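Me: Hey, can you walk me through this structure? I'm new to this, so plain words please.

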Amino acid sequence: MKPPNEQTPARDEPLETALESAQSKAEISILKRREFLQRKQEGSITFFRYKGNQRGFIFLQVCSALLFVMCFVIWLGTSFSPLLWGILAGALALLSLFFLYLVAYWSYFARVCGIAFDQGSLYVAEPRRVSAVPWQRLNTKNAGLTERPSDGVYGTLHIRIDSKHIPLRLFNAFVWVEDFPIVLAELLEQIQKNGEQNADDDPGEQGT
């Protein structure tokens with residue numbers, strides 16, 4: 001007969017199964033902006049806003065104005081005759097409008113977007129949605145830390161979990177997150193905790 005105390009390991013199986021089930025059920029959730037702003041006002045999350053590159057915006061606006069002036073000068077001097085001058089002026093006008101679009105879009109982005117976190121999740125506030133990523137689902141691979149950008153543009157981590165793609169923008173030529181090293185440090189710390197927890201829960205490491 002086996003002593004009763006040898007049956008105690010069976011009691012740990014439901015607990016391990018429950019932990020694995022809880023981790024698998026932790027999914028990315030989409031919050032309404034009203035709910036996110038309410039959490040922000042309550043102070044239950046740590047929020048980091050974006051700052052716009054004001055000097056860059058001014059430079060683009062000056063370039064846009066100069067391009068419009070060039071179009072006006074071409075019209076005065078040639079009346080768009082031959083047609084080649086009209087095509088050139090149209091191209092310059094389109095380029096000028098594109099510069100203004102960049103200023104308008106990234107100014108709006110810096111005003112309404114941001115990055116936040118609490119003990120349970122990382123929040124990525126984009127113009128049309130707020131994604132809540134559970135910390136326990138993140139690792140170095142799906143957080144984009146091991147990914148090399150194919151376009152050569154750095155400053156954005158591409159989080160990919162359950163076929164969902166969430167760009168975590170830290171900085172680019174137009175905007176950057178205030179104190180983004182703190183955000184990056186928190187992300188790395190949470191990933192490290194997940195790695196340590198997974199190592200502790202690895203059944204291959206259990207003794208005989």
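**Salt bridges first**

Reply: Sure, and keep in mind that this is a predicted model. Let's start with Glu35, which counts as partly exposed at 34% relative accessibility. Glu35 forms a salt bridge with Arg39, and their closest N and O atoms are 3.0 Å apart.

Me: Is Arg39 buried, exposed or partly exposed?

Reply: Arg39 is partly exposed, with a relative accessible area of 26%.

Me: OK, and how far apart are Arg39 and Glu35 along the helix?

Reply: They are four residues apart in helix H2 (residues 33–42), so about one helical turn separates them.

Me: How many salt bridges does the structure hold?

Reply: Five. One of them joins the side chains of Arg129 and Glu126, at 2.9 Å from N to O. Arg129 is partly exposed at 30% relative accessibility, while Glu126 is buried at 11%.

Me: Got another one?

Reply: Yes, Asp162 forms a salt bridge with Arg137, and the closest N and O atoms are 3.1 Å apart. Asp162 sits in the loop between strand E6 (156–161) and strand E7 (164–169), and Arg137 in the loop between strand E5 (130–134) and E6, so the pair ties together parts that are 25 residues apart in sequence.

Me: Which way do those two go, buried or partly exposed?

Reply: One of each. Asp162 is partly exposed, with a relative accessible area of 42%. Arg137 has 19% relative accessibility and counts as buried, because the cut-off for buried is under 20%.

Me: You mentioned E6 and E7. How do they pair?

Reply: They pair in the antiparallel sense, over six bridges. Together E6 and E7 form a hairpin with two residues between them, and Asp162 in that turn has a positive phi of about 55°.

Me: Which residue in E7 is the bridge partner of Ile159?

Reply: That's Ile166.

Me: And where do the side chains along E6 point?

Reply: They alternate. Leu157, Ile159 and Ile161 point to one face and are buried, while Thr156, His158 and Arg160 point to the other face and are not buried. In a regular strand, side chains do alternate between the two faces of the sheet.

Me: Switching topic: what about the inside? Which residues touch the most other members of the largest nonpolar core?

Reply: Tyr50, Ile115, Leu122, Leu138, Leu168 and Leu187 do, out of the 37 residues in that core. Helix H4 (83–112) gives the most to this core, with eight residues. There's also another core lying apart from it, made of eight residues, among them Leu31, Phe36, Ala116 and Ala132.

Me: Pick one of the core residues. Where is Ile115 found?

Reply: Ile115 is in strand E3 (residues 114–117). At 0% relative accessibility, Ile115 counts as buried.

Me: What does Ile115 touch?

Reply: Not counting residues up to four places away in sequence, the contacts of Ile115 include Phe47, Tyr50, Leu122, Leu168 and Val183. As for distance, Ile115 and Ile45 are 70 residues apart in sequence and 10.0 Å apart in space, C-alpha to C-alpha.

Me: And Leu187, what is that in contact with?

Reply: Leaving aside neighbours within four places in sequence, Leu187 is in contact with Leu122, Trp135, Leu138, Leu157 and Leu168.

Me: Back to E3 for a sec. Which strand is joined to E3 by four bridges?

Reply: Strand E2 (residues 46–52), and the two run antiparallel. Arg49 stands opposite Gly114 in E3. E2 also pairs with strand E8 (residues 175–177) in the antiparallel sense, over three bridges. In E8, Val175 is the bridge partner of Gly52.

Me: Last topic: the surface. Which residues form the nonpolar patch there?

Reply: Phe72, Trp75, Leu76, Phe80, Trp85 and Leu88 form it, with about 600 Å² of accessible area together. In soluble globular proteins, nonpolar side chains tend to be buried together. Here, though, Leu88 in the patch is partly exposed, with a relative accessible area of 38%.

Me: Which helices supply at least two residues each to the patch?

Reply: Helix H3 (54–78) and helix H4 (83–112). H3 gives the largest share, three residues. Leu88, for its part, is found in H4.

Note on methods: Residues numbered from 1 in each chain as written. Predicted model: local features only at pLDDT ≥ 70, side-chain atom pairs only at ≥ 80, totals over all residues. Heavy atoms only, no water. Patch = residues over 30% accessible without salt bridge, like charges linked within 9 Å, V, L, I, M, F, W, Y side chains within 5 Å. Areas by Shrake-Rupley, 256 points an atom, 1.4 Å probe, with all protein chains shown as cover. Salt bridge = Lys/Arg side-chain N within 4 Å of Asp/Glu carboxyl O. Buried < 20%, exposed > 50% of the residue type's maximum accessible area, 1.4 Å probe, protein only. Contact = heavy atoms within 4.5 Å. Pairing = 2+ DSSP bridges. Core = buried A, V, L, I, M, F, W, Y, C linked by side-chain atoms within 4.5 Å.
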